[in-house]
Number of protein chains: 2
Amino acid sequence: MNDKLEVTAAALAIGDELLSGRTRDKNIGHLAQTLTSVGINLKEVRIVADEQSEIVHAVNALRGKFDYLFTSGGIGPTHDDITADAVSKAFEVECIYDEAAMELLAAHYKSREMEFTEARQRMARMPQGASHIDNPVSKAPGFNIDNVYVMAGVPKVFEAMLNNVVPTLKTGQKLLSRSIPCKHGEGVIGTPLGVIQKDNPDISIGSYPRFGDDGSFSTEIIVRGLNVEDVDKAADDIEQMLANLG
Amino acid sequence: MNDKLEVTAAALAIGDELLSGRTRDKNIGHLAQTLTSVGINLKEVRIVADEQSEIVHAVNALRGKFDYLFTSGGIGPTHDDITADAVSKAFEVECIYDEAAMELLAAHYKSREMEFTEARQRMARMPQGASHIDNPVSKAPGFNIDNVYVMAGVPKVFEAMLNNVVPTLKTGQKLLSRSIPCKHGEGVIGTPLGVIQKDNPDISIGSYPRFGDDGSFSTEIIVRGLNVEDVDKAADDIEQMLANLG
């Protein structure tokens, strides 16, 4: 694939509850599908606990390696929400009560006749110089600093924030894909498929086994590439190979 | 918490399909729940693509940092299944066709009157010196080398292999937890909850917001710790705090 066209990203999900099994992450799958659909290549995902040193380490490793880093979790009002502090530390800037966020939240709680508590004020904290990611669900904004986008862990809020972020991103050429169903198991097609992969270095061929309840095997073969002619050529090669197998 | 009692682990899920959004990972959540239930603390998760350098880097980073590393994916018969090679490279040992695995698979395919193809033989490959993880679903074994457990990506097979691994692991003291429902949103309880966390350094308090469709908020508070007296004391503090809020 043409490297010039590739835009890469990583995801970092933050939260003890994801690692204890209490909560099954839903944001990574959604992010993966969304990024793929706009031509951004998600290359790595990490999940870490609510520990500052772990978050700082992961943020710095991933933001330096990929075009974008998207985080989820840890920006709520409680003591275990430490993502704003950790991202500030990763960037070596101060974590401040952002003035615009304070005004936004003060007005929001006033309109609902709710107290703008010390805990709620924590949600206005972000690294100095960060810009807001609007939150149409529950108001408290996410934030963006450099190539890092910090969003909420609650899926409804994460998805709404991501909707606001995506149109602002640079995107690469969309990966094209063709799916080829195959009645054979991987053990039958594995070797000829490997030969076709070698013959078609500009595309990526994946094969995904399915196990039937009756003990049967079948396979879905997916061809991915940036160029329609390359994808079609490899898919044709695979279909020819399958026809020869009978 | 008492560090002497803590047994730590990491998970590494391998596969382009997880990063493209084609497949939503199911193994991490299952692993997290299983490890927690036996007293092993899952501390970090990574997902990487089917690229040798990425797998090697992640395996070496995680196996050195935690007591155990569990991987899923990339041990099938096709060209994109490169986990055995990558783990061998990470350990700087040769990736061999394991003799016992070859015998096992040869007998398996013979009994089913299926050809033991070159592709199927790939599933006998593992680092020299590795031991098998039995696969009651589809026979081809996973493997264990040092503190790394390499298992299949297909959830049914991953779960069956994990069932065979868990009884062999050293386990720490099980984390005890108490869940306290709370009708208030995090913005109301955040500050007093933070005070209680500071007063109870040996336990970990998490709070998890719930958003009702009517725009209401509630919270589940979870207290976790190794010692029942510590957990009960913190939970009592929280219930007292909630009673005072009315």
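Which strands of chain A form an open sheet of three strands, and in what order? The order is β9-β11-β10, with antiparallel pairing; strands pair if DSSP finds at least two bridges between them. Helices (H or I, at least four residues) and strands (E, at least two) are DSSP runs, numbered from the N terminus.

The model is predicted: local features need pLDDT of at least 70, side-chain atom pairs count only at pLDDT 80 or more, and totals for chains, interfaces and linings use all residues. Residues are numbered from 1 along each chain as its sequence is written, while chains are lettered from A and ligands numbered from 1 in the order in which they are written.

Select β9 (176–182) and β10 of chain A: these stand at the edges, each with a single partner strand, so one side of each is left without a neighbour in the sheet. Next, add β11 (residues 217–225) of chain A, which is joined to β10(A) by eight bridges in the antiparallel sense. Within this pair, I205(A) has V223(A) as its bridge partner.

Now display α8(A), which packs on the sheet and touches β9, β10 and β11 of chain A. The direction of α8(A) makes about 175° with that of β10(A) (angles run from 0 to 180 degrees between N-to-C directions, with axes fitted to C-alpha atoms, for helices over the stretch in contact).

Turn then to chain B. Here 47 residues of chain A are in contact with 47 residues of chain B, contact being C-beta atoms, placed from the backbone, within 7 Å. On the chain A side, α8(A) gives the largest share, eight residues.

Finally, select β2(A) and β2 (residues 41–48) of chain B, which pair in the antiparallel sense over five bridges. The bridge partner of V48(A) in β2(B) is E44(B).

Conventions:
Contact = placed C-beta atoms within 7 Å.
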